[in-house]
Amino acid sequence: MKSSLFTFTLIFLFCSVSFSQKNNKVTSNTSEKLNSATFSGMKFRNIGPAFTSGRVADIAVNSKNPFEYYIAVASGGVWKTNNSGNTYVPIFDNENSYSIGCIALSPSNENIIWIGTGENNNQRSVAYGDGVYKSEDGGKTFKNMGLKKSEHIGKIIIHPKNDKIVYVAAYGPLWSAGGERGVYKTIDGGNTWTKVLSISENTGISDLIMDPRNPEIVYAAAHQRRRHVWTYIDGGLESAIHKSDDGGTTWKKLSNGLPSGQIGRIGLAISPVDPDYVYAIIKASGTTGGFYRSKDRGASWAKMSNYQTSGNYYQEIVCDPHDKHKIFSMNTWLHHSEDGGKTFKKTGEKHKHVDNHCMWIDPSNTDHWIVGCDGGLYETWDHAKNWHFKPNLPITQFYRVAVDNALPFYNIYGGTQDNNSMGGPSRTLNNAGIINSDWYITNGGDGFESQIDPTNPNIVYAQAQYGWLVRYDKKSGEKIGIQ
């Protein structure tokens, strides 16, 4: 069996090197040490799956050509389409980070793309990145432009007329203090950076917005947070909204009408219809958290409702491009308000995966959206009455994988983030190759570890959150809880 031969070869290779090192036949100064060249003959091949897809963190659509857009994947790089999602191409596979937090296109040059690595959510399965990247040729090539110690990038915004001017919201490390945190600005296309807003070693910037009338006006959301193995600290005294009227040279902390004390993550949005209207969704201690609105560019704020979302996973809002009173909230279930945040209602997710993270609204037809969630990418043309799932994005986030001893081709199993436990073939006799329908679900929920009976490949043991264990019989389809 090919898998057994592969495993044996690896074991033999490592054991041989270990034995020779113990016998002083390989020294630390020789070229025979294990390095990337040792494994250069091994190539990965894509076997899927795409039938459940995976978590999409951000979307950037070419304003001059909406058929062309990019998606940033929390655990799967960056993908590009130039035909409205009929096909996607991975464009970030050769770089050093696979976890992406945000993506931005230059308004003045659609070939300039900025990518912030390191997912900007704060849950346990977040991976870190190595700063920001830039492409000047529509994603054909990328260059790392620094801020590698930020680990997580909250947002990137680009000056609408001068693509050399870029602002970066550096979130900073999630599990430790320090790193690069704050708002960083470049005026030379990323060759040099200036930290224009710094809070502390424990507080980074989770969100950043710019006034569409005046690019000198910038708002930043500071978030004090820390994750430990035993808990998540979502907030502190340093979380706040800051505003600059001079391109980041000076900043003012906004407070009039806003909650004080222990503040968690803040999401910001500015109405493109009337930029005097600024919205904020705020986590805060007690009953002070909720949805806030300013009608005077942040000078004063009013609490509109108690509506808020989970600060470690959502807390992002999007304004309608034509209605200043309409705001969408990324949440487990997509919500929206039509009265400036006084009331929110579920938008509608018929036949759609939940856990939403990003949204693009077509300015030429505000019933047409693209939404990214834990289950991949969805598109609607009728204001969420119906959704079209993109079944060609193999970006499922596997936590663990396992193989069976089936013949002639072994099968691969694993648990995935919010997309069940599943199994599929390593090879197939179908001349179309491995397709979505070759994969099958063995258990629901968030999948974790799977194990297969070594003598009977039809018996699969699968695990979900909270210790949910099942025995799945692939032959009959029977699933029995064994907890």
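Select Arg55, Ala57, Ala74, Glu119, Asn120, Asn121, Glu316 and His357: these residues line the largest cavity. A cavity is a set of points, on a 1 Å grid over the protein atoms alone, where a 1.4 Å probe fits but cannot get out, and its lining residues have an atom within 4 Å of a point. The volume of the largest cavity is about 40 Å³, and the structure holds one cavity of 30 Å³ or more. A volume here is the space filled by probe spheres set on the grid points, which are joined across faces, edges and corners. Colour the lining by residue class, and two nonpolar, three polar and three charged residues appear. For this division, Ala, Val, Leu, Ile, Met, Phe, Trp, Tyr, Cys and Pro count as nonpolar, Asp, Glu, Lys and Arg as charged, and the others, Gly among them, as polar.

The model on the screen is predicted, so local features need pLDDT of at least 70 and side-chain atom pairs count only at pLDDT 80 or more, whereas totals for chains, interfaces and linings use all residues. Residues are numbered from 1 along each chain as its sequence is written, and side-chain values use heavy atoms, with hydrogens and water left out.

**From the cavity to the salt bridges**

Keep Glu316, one of the lining residues, and add Arg265. Their side chains form a salt bridge, with N and O 3.8 Å apart. Glu316 belongs to strand β22 (residues 316-319) and Arg265 to strand β18 (residues 263-270), so the pair ties together parts that are 51 residues apart in sequence. A salt bridge is a side-chain nitrogen of Lys or Arg within 4 Å of a carboxyl oxygen of Asp or Glu. Strands (E, at least two residues) and helices (H or I, at least four) are DSSP runs, numbered from the N terminus.

Which of these partners is buried and which is partly exposed? Arg265 is buried, at a relative accessible area of 2%, while Glu316 is partly exposed at 24%. Buried means under 20% relative accessible area, exposed over 50%, and partly exposed in between (1.4 Å probe, protein chains only).

Next, select Arg297 and Asp276, which form a salt bridge whose closest N and O atoms are 3.0 Å apart. Arg297 lies in the loop between β20 (290-294) and β21 (302-305), and Asp276 in the loop between β18 and β19 (278-284), so this pair ties together parts that are 21 residues apart in sequence. Arg297 is partly exposed, with a relative accessible area of 35%. Add Asp211 and Arg213 to the selection: together with Asp276 and Arg297 they are linked in a network of salt bridges.

Move on to Glu136 and Lys134, whose side chains meet in a salt bridge of 3.1 Å from N to O. Glu136 is exposed at 54% relative accessible area, whereas Lys134 is buried at 7%. The structure holds 15 salt bridges.

**The cysteines**

How many disulfides does the whole structure contain? A search finds zero. Select Cys319, which is in no disulfide; the nearest cysteine sulfur, that of Cys358, is 16 Å away. Cys373 is likewise in no disulfide, and its nearest cysteine sulfur, also that of Cys358, is 8.4 Å away. A disulfide is a pair of cysteine sulfur atoms within 2.5 Å. Cys319 is buried, with 11% relative accessible area, and Cys373 is buried with 0%.

**Features of the backbone**

Most residues other than glycine have a negative phi, and most peptide bonds are trans. Select Gly48 and Pro49, which are joined by a cis peptide bond with omega of about 0°. Pro49 is in the loop between α1 (2-22) and β1 (56-61). The peptide bond from Leu407 to Pro408 is also cis, with omega near 0°; Pro408 sits in the loop between β30 (398-403) and β31 (411-416).

Turn to Leu147, which is not a glycine but has a positive phi of about 60°. Leu147 is in the loop between β8 (143-146) and β9 (153-158) and is buried at 6% relative accessible area. Asn420, not a glycine either, has a positive phi of about 75°. Asn420 lies in the loop between β31 and β32 (421-425) and counts as buried at 18%.

**A last stop**

Finish at Lys479, in strand β37 (residues 479-481). Lys479 is partly exposed, at 42% relative accessibility. Beyond residues up to four places away in sequence, Lys479 touches Thr442, Asn443, Gly444, Val470, Arg471 and Tyr472, a contact being heavy atoms within 4.5 Å.

Key:
On a 1 Å grid over the protein atoms alone, a cavity is a set of points where a 1.4 Å probe fits but cannot get out, and a pocket is an open set with protein on both sides within 12 Å along at least five of seven lines; lining residues have an atom within 4 Å of a point.
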